[in-house]
Amino acid sequence: MKQSLAALSALLLATVAAPASAETVVVTAAHMFDAKSGKLLDDPVVAIVDGRIQSVTTRGDARHVFPGGTRRVDLGEMTILPGLIDMHVHLDGNPHYGGYTGLQFTDSFWAIQGTANAKAMLEAGFTTVRNVGSGNYADVGMKQAIEEGLIPGPRIVPAAHALGATGGHCDETYLPPSFEAKGKAVGDSVDELRQRVREQRKYGAEVIKVCATGGVFSRNTEPGQQQLTEAELRGIADEAHMWGLKVAAHAHGTAGIKAAIRAGIDTIEHASLIDDEGIRLARERGTYLSMDIFNTEYTQSEGAKNGVLEDNLRKDREIAEIQRQNFRKAHDAGVKLVFGTDAGVMPHGTAAGQFAIMVRYGMTPAEAIRAATLTAAQALGRESSVGAIEPGCYGDIIAVSGDPTANVRLLESVPFVMKGGDVVKDLR
């Protein structure tokens, strides 16, 4: 009997280890960016089984025994990297419709046009994005459609509606009182905001977004204004963490940034006016900063033509260079920085343009790439699934011709993208 059970156990284990229907894809290239070391490795051989990486070896390794029917993708002299992660996007946003010009469209327009933005992000090499705030649960719907194979797009970590205060950056601030317009996740006490956390999680949010300060592209708010108390922010963080969710705080202003860090918020978005104390707090508490230091060229050159109000452009001008210099200071101080562009403020397909700006303001190319791979995955709490080319992670791989650790601008035009072992773009 014991022998029969042992034989049955062995058979079951063999079936789990190598299911008959498992598809194996083997990717080879001249070089691979190792996200953990930040260095290039030569002659990688990456085996992907049913969408996840099974092994990473090198040519000539004796372990290279793959089953018949294995699909091989030989990228020749190219360099492979993990699929990129943008930690701050708005897929249902569109920079071509600023100010009041978006009112010409029906509500469902934004989710539908967002499908094009999702495709653009994926083809730009971003196989994972964190969508920090959307209308009408558009990001949840797009995630579901992508996972069902109905539309192409990256892996989405959705936030659904962003939490905020009445009259604050995440409220409806463009319409007169007769419209009675109000943000779907506005709250004005600790208890109300805890309830908003539960509502967003209930309907599909996998991260909670909260607006701690005023913003650039809202009306009747200033970026430096703190708009939620530290107690309210702590209530949001505690509630989200209890449910196993991380929290991202939109915070331009100095006081709001520090209140959010002290409250236990996981990532600070924008962090434009952070001061030395805020940098010290972020470093000491391990808080991640997601600073969108690329998009201002687009907003300043194209914003007025797109309908953006002058007051919004004024705020953008006032904080742009301050934010970039504070990015440099935070990096020099050893704060954990992740790649986040606010795509939707500028065209989604141009997001990789931020790498060069991160290098201009103090990072090495390898550090900038890690900010969009391993470090971003760690901030998501998903480092076992994304952000690296190693066993257990999804087979999300991009490739470029040349050495991106010497020329990070190679990432601005990625010719090859694979998601889960499937080639979604190949312009070699």
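Before you click on anything, one term: a residue is called buried if its relative accessible area is under 20%, exposed if over 50%, and partly exposed in between, using a 1.4 Å probe and protein chains only. With that in hand, 54% of the 428 residues of the protein chain count as buried.

Keep in mind that this is a predicted model: local features need pLDDT of at least 70, side-chain atom pairs count only at pLDDT 80 or more, and totals for chains, interfaces and linings use all residues. Residues are numbered from 1 along each chain as its sequence is written, and side-chain values use heavy atoms, with hydrogens and water left out.

**Stop 1: the whole chain**

Show everything as a cartoon. You should find twelve helices and 18 strands in the protein chain; helices (H or I, at least four residues) and strands (E, at least two) are DSSP runs, numbered from the N terminus. The radius of gyration is 22 Å, close to the 22 Å from the globule rule for 428 residues, so the chain is as compact as a globular protein of that length. That radius is taken over C-alpha atoms, and the rule is 2.2 Å times the number of residues to the power 0.38. Turn the C-alpha trace around and it spans about 75 × 55 × 45 Å along its principal axes.

Switch on the surface if you like: the accessible surface comes to about 17900 Å², with 52% of it belonging to carbon and sulfur atoms. These areas come from the Shrake-Rupley method with a 1.4 Å probe, and for residues only the protein chains shown count as cover.

**Stop 2: strand 1**

Select residues 24–28. Five of the five residues in strand 1 are buried, so the strand is largely enclosed by the rest of the structure. In a regular strand, side chains alternate between the two faces of the sheet. Here T24, V26 and T28 sit on one side, V25 and V27 on the other, and all are buried.

Now add the partners. Two strands pair if DSSP finds at least two bridges between them. Strand 4 (residues 44–49) runs antiparallel to strand 1 and is joined to it by five bridges; look for V27 opposite V46. Strand 6 (residues 71–74) runs parallel to strand 1, with four bridges, and there V26 has R72 as its bridge partner.

**Stop 3: the five-strand sheet**

Colour strands 11 to 15. They form an open sheet in the order 11-12-13-14-15, with parallel pairing. Strand 11 (207–211) and strand 15 (337–338) are at the edges with a single partner strand each, so one side of each has no neighbour in the sheet. Zoom in on strand 12 (residues 246–251) and strand 13 (residues 267–270), a parallel pair with four bridges. One spot to label is A251, whose bridge partner in strand 13 is H270.

**Stop 4: R130**

Select R130, which belongs to strand 9. Is R130 buried or exposed? It is buried, at a relative accessible area of 2%. Two polar contacts are worth drawing (N or O atoms within 3.5 Å; within protein, one must be able to donate a hydrogen and the other to accept it, and residues adjacent in sequence count only if both atoms are side-chain atoms). The side chain of R130 reaches the backbone oxygen of M87 at 2.7 Å, and another polar contact of 2.7 Å joins the side chains of R130 and E269. Contact means heavy atoms within 4.5 Å; leaving out residues up to four places away in sequence, R130 touches residues including D86, H88, V157, A248 and L380.

**Stop 5: helix 3**

Move along to residues 138–147. Helix 3 is mostly covered, with seven of its ten residues buried: A138, D139, V140, M142, K143, A145 and I146. These buried residues pack against helix 2 (109–123), strand 9 (126–131), strand 10 (155–158) and strand 17 (416–419). After the helix comes G149, with a positive phi near 80°.

**Stop 6: H161**

Select H161, in the loop between strand 10 and helix 4 (190–202). H161 counts as buried, at 8% relative accessibility. A polar atom of its side chain lies 3.5 Å from the backbone nitrogen of N136. Beyond its neighbours within four places in sequence, H161 contacts residues that include S134, Y137, K184 and K209.
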